[in-house]
Amino acid sequence: MNELHAYFAREIPGINAFLAAEADKLDGLVREVARHVLLSGGKRIRPILTILFARGYGHAAGDHLPIACALEMLHTATLLHDDVLDQAQTRRGKTSAHMAFGVTETILAGDVLLALANKLGADYDIPRLNALLARGIMATAEGEILELAHTARPTVDRQTYLDIIIGKTARLIETACRCGAALASRDRALEDVAGAYGLNLGIAFQLVDDALDYAVSESEMGKPAGGDLREGKMTLPLILHLESLPEQEARELLAALREKRLTEAQAARIVMEVREKGLAEKTREAAGDYIKAALRELEALPDTPERVVLAQAAEYVLTRRK
């Protein structure tokens, strides 16, 4: 993982400086809200992926930061809006923006970041970048809508779960990869390779995230263990748990989730049972299949340092513990 760590260490200062400079240009009503989340120490996976594919396909110009950071802004906007919808108390170990600054300010900040991301993409005058950003935003919104509908009426349905995580997480990671390729080349076949890698990586990323929600403590994740369960979200560890229960018990638990009457004691017990059954690890194993698919896509890439880092990034996603 040495190349991966070195690449992140080299690129993240520039990404953070660009994000801070853009946030400081915003209106005072939303400036601190945007800074609160943009500069709170995210992993920066999306902008790094954009840079990796741009350089991996031979883009040598130093104009990659605006489009790379546009992806981080889109991601941040979804976090701001998600936390309002979920009434989340914390984000990355800090008080969530809507709790610290107010719901109106937070929603407006998310809207401004969406607009700014689109402007940064449009400034390249490459129509394909605009199309990719628009598609990524739309897919993310559709994923969130599907998740809200499914949370209101949860079912033990693996395909619906997969559709949700593709929409709310994987499509934006795919978009990050495609934007890097589109910046470097107009060859759609090259972009499709980048997109397939990103889509599989994004699915695996969310599967591991959902596994960690049951397996890792609040101090490590920056949010309470079992938070998805308490919000009524039907993720793979919970689906596996329901599938393992006797039919009547599974029906009763599903009814409690639908009717929003799951107690804290019940939630804590389910988290413990998921851990004891090894269902978080089974979810991680499912992520492994998508990582293998992502790695196969890299075989079509030129033999560059970026290809090595992309392979290590896939391995990191699978093995991360927080």
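**Exercise 1.** Is Tyr57 buried or exposed, and what is its relative accessible area?

*Solution.* The model is predicted. Tyr57 has a relative accessible area of 13%. Buried means under 20%. Tyr57 is therefore buried.

**Exercise 2.** Classify the ring pair of Phe53 and Tyr57.

*Solution.* A pair of aromatic rings is described by the distance of the centres and the angle of the planes. Start with the distance: the centres of Phe53 and Tyr57 are 6.1 Å apart. Rings pair if their centres lie within 6.5 Å. Next, the angle: the planes of Phe53 and Tyr57 stand at 40°. Stacked needs under 30 degrees, edge-to-face over 60. The pair is therefore tilted.

**Exercise 3.** Classify the ring pair of Phe53 and Tyr197, then place both residues in the chain.

*Solution.* The ring centres of Phe53 and Tyr197 are 5.5 Å apart. Their planes are at 65°, so this pair is edge-to-face. Now the placement. Phe53 belongs to helix 3 (residues 45–56). Tyr197 belongs to helix 9 (residues 188–215). With these positions 144 residues apart, the pair links distant parts of the chain. Both Phe53 and Tyr197 are buried. For Phe53, the relative accessible area is 1%.

**Exercise 4.** How many aromatic pairs does the structure hold, and which residues do ring pairs link into a cluster?

*Solution.* The structure holds two aromatic pairs. Ring pairs join Phe53, Tyr57 and Tyr197 into a cluster.

**Exercise 5.** Which rings have Arg10 and Arg320 over their faces?

*Solution.* Take Arg10: it lies over the face of Tyr7, 4.6 Å from the ring centre. Take Arg320: it lies over the face of Phe205, 4.1 Å from the ring centre.

Terms used:
Residues are numbered from 1 along each chain as its sequence is written. This is a predicted model: local features need pLDDT of at least 70, side-chain atom pairs count only at pLDDT 80 or more; totals for chains, interfaces and linings use all residues. Side-chain values use heavy atoms; hydrogens and water are left out. Rings of Phe, Tyr and Trp (its six-membered ring) pair if their centres lie within 6.5 Å; planes under 30 degrees apart count as stacked, over 60 as edge-to-face and the rest as tilted. Buried means under 20% relative accessible area, exposed over 50%, partly exposed in between (1.4 Å probe, protein chains only). Helices (H or I, at least four residues) and strands (E, at least two) are DSSP runs, numbered from the N terminus. A charge sits over a ring if NZ of Lys or CZ of Arg is within 6 Å of the ring centre and within 35 degrees of the ring normal.
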